[in-house]
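User: Please take a close look at how the helices of one chain pack against one another, and set that packing in the context of the confidence and of the partner chain.

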Amino acid sequence: MAFAHDMRRVRAIVWKDLASERRSKAGFNAVAFLGVLILLLFGFALGPDTEALRDAAAGALWLAILFAGVLAFNRSYQLELDGAALEPLLLYPAPRWTIFAGKFVANLLFVLLLELIIVPVAIVLFQVKSGAGWLPAIGVNLLGSVGFVALGTFYASMASRSRAREVLLPLLLFPMLVPVLLAATEASSSLLAGNPMRDAGAWAQLLAVFDVIFLVASFLAFDHVIEV
Amino acid sequence: MSTAIPIDTRRKTVTTAPAQSIEWLGIVALLAVMTAQVLGVLNSPPDRDMGHLQKIMYVHVPAAWNAFIAFFAVAIASLLYLWKGEERYDLVAASAAEVGTLFTGLTLALGSIWGRPTWGVWWTWDPRLTSTAVLFIVFVGYLALRSFVEDSDRRAQWSAAVGLLGALNVPIVYMSVKWWRTLHQMQSSPSTVDPEFVVGLRTNGVAILLVLIYFITKRYRAARMERAAEHLAERVALGGA
């Protein structure tokens with residue numbers, strides 16, 4: 001029974017975060033536009049050579065997702081802090097992990113929505129051809145996003161409450177994301193090239209393992225960082 | 001009947017007990033480093049392929065070993081802090097992280113100097129290099145977090161979590177980059193180098209370990225004094241003696 005109650009709390013936090021995001025819209029629009037802008041800049045930096053663009057597409061896309069998405073995480077706590085709502089949230093008689101789970105799901109939906117906009121743009125700008133079908137590529141995107149959002153939600157719970165939060169979050173988060181970025185980029189670019197080495201599956205499995213490790217670690221650690 | 005409620009009994013805070021001087025350890029460490037260089041540089045012949053360039057190994061490899069010892073200490077101290085909540089574990093973690101970051105930087109710089117003439121490049125995307133660089137950045141982030149958070153309980157709690165996750169990340173980064181590409185030669189250890197090099201390598205390992213212990217102890221003392229001063233300032237601000 002207790003678990004069902006916890007799930008209700010998680011749903012309530014997800015709903016609250018997404019509703020405030022939907023009603024303001026300003027945050028999402030700006031972040032999505034920034035993602036598109038980063039893709040354009042990559043295009044300019046890499047030059048107009050179609051082959052070069054196509055080779056770099058997966059890396060550019062993932063970096064655009066990382067750089068744009070990272071802005072969402074601090075926001076998710078900043079809204080609480082602005083309204084002095086984090087303390088009351090902590091006072092509710094519920095396990096702390098429900099707060100993390102709620103923020104995690106809300107941020108994940110935010111990032112997936114962001115990808116829904118910038119992935120098609122990347123496909124057009126970088127003239128990507130579907131090598132091995134779109135379905136596995138979507139799966140890799142999902143896996144990569146889970147790892148990214150788990151760590152992002154966790155580190156933002158600290159960075160958003162410190163001085164210099166704008167620079168502290170990327171500084172803490174991006175080094176931790178190296179394995180996720182590596183596996184996601186390798187799997188994506190292998191899929192886009194038609195999976196010639198048959199290694200996309202192995203990278204995706206590795207990515208799934210990272211997701212599990214980072215999810216468990218951030219769930220456990222969140223209890224300790226949110227209470228102070 | 002009212003009983004006094006102890007405020008946060010879990011926290012044991014540090015005090016300023018006058019500490020014994022440890023300068024002798026610094027002197028011993030310095031002498032050990034000098035002896036180790038004499039043993040390493042003078043007693044070993046030039047390497048067949050690398051010539052005298054190989055001498056960099058005597059500091060590069062022990063610095064890497066000791067950096068890992070330091071980060072292991074960070075992980076243990078962070079765990080102990082989360083478990084026991086005693087301030088001294090936080091200060092040990094902070095001191096070890098600082099010295100570990102320094103040694104990691106030294107390892108990277110020396111490796112780069114060695115790599116240029118040997119491999120022909122300053123840098124290469126090999127698993128060991130790359131994961132060492134990531135480790136370096138993770139702990140630079142750790143130190144940045146510490147300097148950006150004023151509240152001491154919060155700083156301790158957060159940096160313990162970040163230190164643990166950072167330590168957890170090291171094998172994961174290593175594994176993922178290893179899949180990606182590999183070039184680094186088998187790392188040098190007493191079992192992979194010629195016996196003539198072993199003495200220099202071992203003595204340097206011990207000498208740099210002494211430097212590590214001296215630095216961490218020194219840094220820990222300073223951190224304790226800083227904390228004690230903060231506690232005093234807090235008490236004065238609260239109107240106490």
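Analyst: Chain A has a mean pLDDT of 87, where pLDDT is the predictor's confidence in each residue, from 0 to 100, and 98% of the residues of chain A reach 70 or more. This is a predicted model, in which local features need pLDDT of at least 70 and side-chain atom pairs count only at pLDDT 80 or more, while totals for chains, interfaces and linings use all residues. Residues are numbered from 1 along each chain as its sequence is written, and chains are lettered from A and ligands numbered from 1 in the order in which they are written.

Within chain A, confidence is lowest in helix 4 (residues 86-91), at a mean of 84, and highest in helix 5 (residues 97-125), at 92; helices here are DSSP runs (H or I, at least four residues) and strands likewise (E, at least two), numbered from the N terminus.

Helix 2 (residues 26-46) of chain A packs on helix 3 (residues 50-82) of chain A at an angle of about 150 degrees, with the axes 9 Å apart; axes are lines fitted to C-alpha atoms, for helices over the stretch in contact, and angles run from 0 to 180 degrees between N-to-C directions. Helix 2 of chain A is therefore roughly antiparallel to helix 3 of chain A, a term for angles over 145 degrees. The crossing of these two helices is right-handed, that is, the near helix is turned clockwise from the far one by less than a right angle. Among the residues that make the contact are Val31(A), Leu34(A), Ile38(A) and Phe42(A) of helix 2 of chain A, together with Ala60(A), Ala64(A), Ile65(A) and Ala68(A) of helix 3 of chain A, a contact being two residues whose C-beta atoms, placed from the backbone, lie within 7 Å. By class, this contact has 16 nonpolar, three polar and one charged residues, with Ala, Val, Leu, Ile, Met, Phe, Trp, Tyr, Cys and Pro counted as nonpolar, Asp, Glu, Lys and Arg as charged, and the others, Gly among them, as polar.

Helix 3 of chain A also meets helix 5 of chain A, where the axes come within 10 Å and cross at roughly 145 degrees, again in a right-handed crossing. The contact includes Ala60(A), Ala64(A), Ile65(A) and Ala68(A) of helix 3 of chain A, with Phe110(A), Val111(A), Leu114(A) and Ile118(A) among those from helix 5 of chain A. The residues of this contact divide into 15 nonpolar, three polar and two charged.

Two loop residues of chain A deserve mention. Ala84(A), in the loop between helix 3 and helix 4 of chain A, has a positive phi of about 50 degrees although it is not a glycine, and Ala84(A) is exposed (12 or fewer other C-beta atoms within 10 Å), with 8 such atoms. Gln127(A), in the loop between helix 5 and helix 6 (134-159) of chain A, likewise has a positive phi of about 50 degrees without being a glycine, and Gln127(A) counts as exposed with 12 C-beta neighbours inside 10 Å.

As for the partner, the contact between the chains takes 21 residues from chain A and 24 residues from chain B. Helix 5 of chain B gives the largest share of the side of chain B that touches chain A, 15 residues, and that side divides into 18 nonpolar, four polar and two charged residues. The predictor gives the complex an ipTM of 0.84 and a pTM of 0.83.

Definitions and conventions: Parallel < 35°, antiparallel > 145°, perpendicular 65-115°, else oblique. Buried ≥ 20, exposed ≤ 12 C-beta atoms within 10 Å, placed from the backbone.
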